[in-house]
Amino acid sequence: MASILLVTFPFFALVAAGYLAARRGWLPLAAIPGLNGFVLFFALPAMLYRFGASTPIAQLLDPTVAGVWLVCALLVVGLAVVFSLGGRIGWNDAAFGALVAAFPNSGFMGVPLIAALLGPQAVGTVIVVIVVDMVITSSLCIALSRLDAGEGGARAALRHALLGVLRNPMPWAIGAGALASAWRLTLPGPLDKTVALLADAASPVALFTIGAVLARSQMQADHPMPWRDYVPLALVKLALHPLLVLLLGAAAARLGAPLQASTLTVLVLTAALPSASNVSLLAERMGADNGRIARIILVSTALAFVSFSAATAWLRPG
């Protein structure tokens, strides 16, 4: 466990540093969108491109990994919607509660953290997860969030979500990396060094930005809320989601699916990550209760320092 904490502690410490900087006013709240933009449009795409280009194309197109992850994500979404829907919570808030329970922070936190724990060869599996969640899980939940507006609202929301995927630089970076891997392309030296510098900045800036975003969300979520509206969904993210992935993946492997134990370990640890911080921004844009979503993300991130480290100690070989 001590060796695992040597890896995980700095990652969560950077999140805590960003949180503290925003809460104390050392980082102006107006600067957070700039940090987020740097990570989203420059640093993280560079990192994903480099990992994609160095990963065998077969790993990036693994249908077994995509299928196991998608089925588990759909189960979590369904369970979370059933748990939340009714009373004070309508389709909009229930759908985003489901998304935050099923969508791990695989981009900003998962790629660098799992690479540090299991090696760069594990990142190809995380990249498959990112694509499934961006294209299918998030689009489904956005469509569900519009059911209160009628059938046309759901169709329009789904169309809007898919357009949002096309405007997101992350899938384009992953696609470019996959093409480079398939065709064995390399960037010219000066461009490769530029991409490497941006990629190296992704992890620390992204983690610091996560903390700052969480602090800003908490500061803006000023209305009281019973713990039962958000704590159970944080526990679904940290406990039920990885357990479903473990059980379904093990069952698939037992039935003959080409799913190696090392790949299943990566999937389970990705599911054990805290909720994605960008869901809070999406919920705010779609008119959902952002205070509830922010609390789920904050609780899952705080608890994940212990739960994720424990899951790693249990699953990691050696």
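# A tour from helix H4 outward

**Stop 1: helix H4.** Select residues 63-84. This is H4, a helix of 22 residues. From its first C-alpha to its last it reaches 31 Å, close to the 32 Å expected at 1.5 Å a residue. Keep in mind throughout that the model is predicted.

Now show the side chains. Which residues of H4 are buried? Color Thr64, Val65, Val68, Trp69, Cys72, Ala73, Val76, Val77, Ala80, Val81 and Ser84. That is the buried set of this helix.

Next, bring up what they pack against. The partners are helices H5 (91-102), H7 (123-145), H11 (231-254), H12 (261-271) and H14 (290-315). Give each of them its own color; several come back later in the tour.

**Stop 2: the two ends of H4.** Zoom to the start of the helix. Pick Asp62 and the backbone of Thr64. A side-chain oxygen of Asp62 comes to within 3.0 Å of the backbone nitrogen of Thr64. Thr64 is also one of the buried residues colored above.

Travel to the other end. Gly86 follows H4, and its phi is positive, near 115°.

**Stop 3: the largest pocket.** Switch on a surface. The largest pocket holds about 800 Å³. Its lining counts 32 residues. To find the centre, select Leu40, Asn168, Asn278, Leu282 and Arg285, which lie nearest to it. Which elements give two or more residues to this lining? They are H2 (32-53), H6 (106-118), H7, H8 (151-167), H9 (169-183) and H13 (278-285). H7 is already colored, as a packing partner of H4.

Color the lining by class. You should get 19 nonpolar, 11 polar and 2 charged residues.

**Stop 4: the second largest pocket.** Move on to a space of about 300 Å³. This second largest pocket is lined by 17 residues. Select Thr125, Gln260, Ser262, Thr263 and Val266, the closest to its centre. Which helix gives the most to this lining? H12 does, with 5 residues. H12 also packs against the buried residues of H4. By class, the lining has 8 nonpolar, 7 polar and 2 charged residues.

**Stop 5: Ala257 and the H11-H12 loop.** Select Ala257, in the loop between H11 and H12. Ala257 counts as partly exposed because its relative accessible area is 25%. Beyond its neighbours up to four places away in sequence, Ala257 touches Thr64 and Ala252. So the tour is back at Thr64, whose backbone nitrogen faced Asp62 at the start of H4.

Now draw a distance from Ala257 to Ile89. Their C-alpha atoms are separated by 39 Å, with the two positions 168 residues apart along the chain.

**Stop 6: the N-terminal helix and H14.** Select Ser3, in helix H1 (residues 2-24). Ser3 is partly exposed, at a relative accessible area of 42%. Draw a line to Ala313. The two are 310 residues apart in sequence, yet 9.2 Å apart in space, C-alpha to C-alpha.

Then pick Thr312, in helix H14. Is Thr312 buried or exposed? Its relative accessibility is 0%, so Thr312 counts as buried. Setting aside residues up to four places away in sequence, Thr312 touches Ile4, Leu117 and Leu269.

**Stop 7: three loop residues.** Start with Asn105, in the loop between H5 and H6. Asn105 counts as buried because its relative accessibility is 4%, under the 20% cut-off. Show its contacts outside four places in sequence: Gly110, Ile210, Leu273, Pro274, Ser275, Ala276 and Ser277.

Go on to Gly119, in the loop between H6 and H7. At 15% relative accessibility, Gly119 is buried too. From Gly119 to Leu267 the C-alpha distance is 14 Å, and the two are 148 residues apart in sequence.

Finish at Arg184, in the loop between H9 and helix H10 (189-220). Arg184 is not a glycine, but its phi is positive, about 55°. Why does Arg184 count as exposed? Because its relative accessible area is 76%, over the 50% cut-off.

How values were computed:
Residues numbered from 1 in each chain as written. Predicted model: local features only at pLDDT ≥ 70, side-chain atom pairs only at ≥ 80, totals over all residues. Heavy atoms only, no water. Helix = DSSP H or I, 4+ residues; strand = E, 2+ residues; numbered from the N terminus. Expected span 1.5 Å × (residues − 1). Buried < 20%, exposed > 50% of the residue type's maximum accessible area, 1.4 Å probe, protein only. Contact = heavy atoms within 4.5 Å. Polar contact = N/O pair within 3.5 Å; in protein donor to acceptor, adjacent residues only side chain to side chain. 1 Å grid on protein atoms, 1.4 Å probe; cavity = no way out; pocket = protein on both sides within 12 Å on 5 of 7 lines; lining within 4 Å. Points joined across faces, edges and corners; volume = space filled by probe spheres on them. Nonpolar A, V, L, I, M, F, W, Y, C, P; charged D, E, K, R; others polar.
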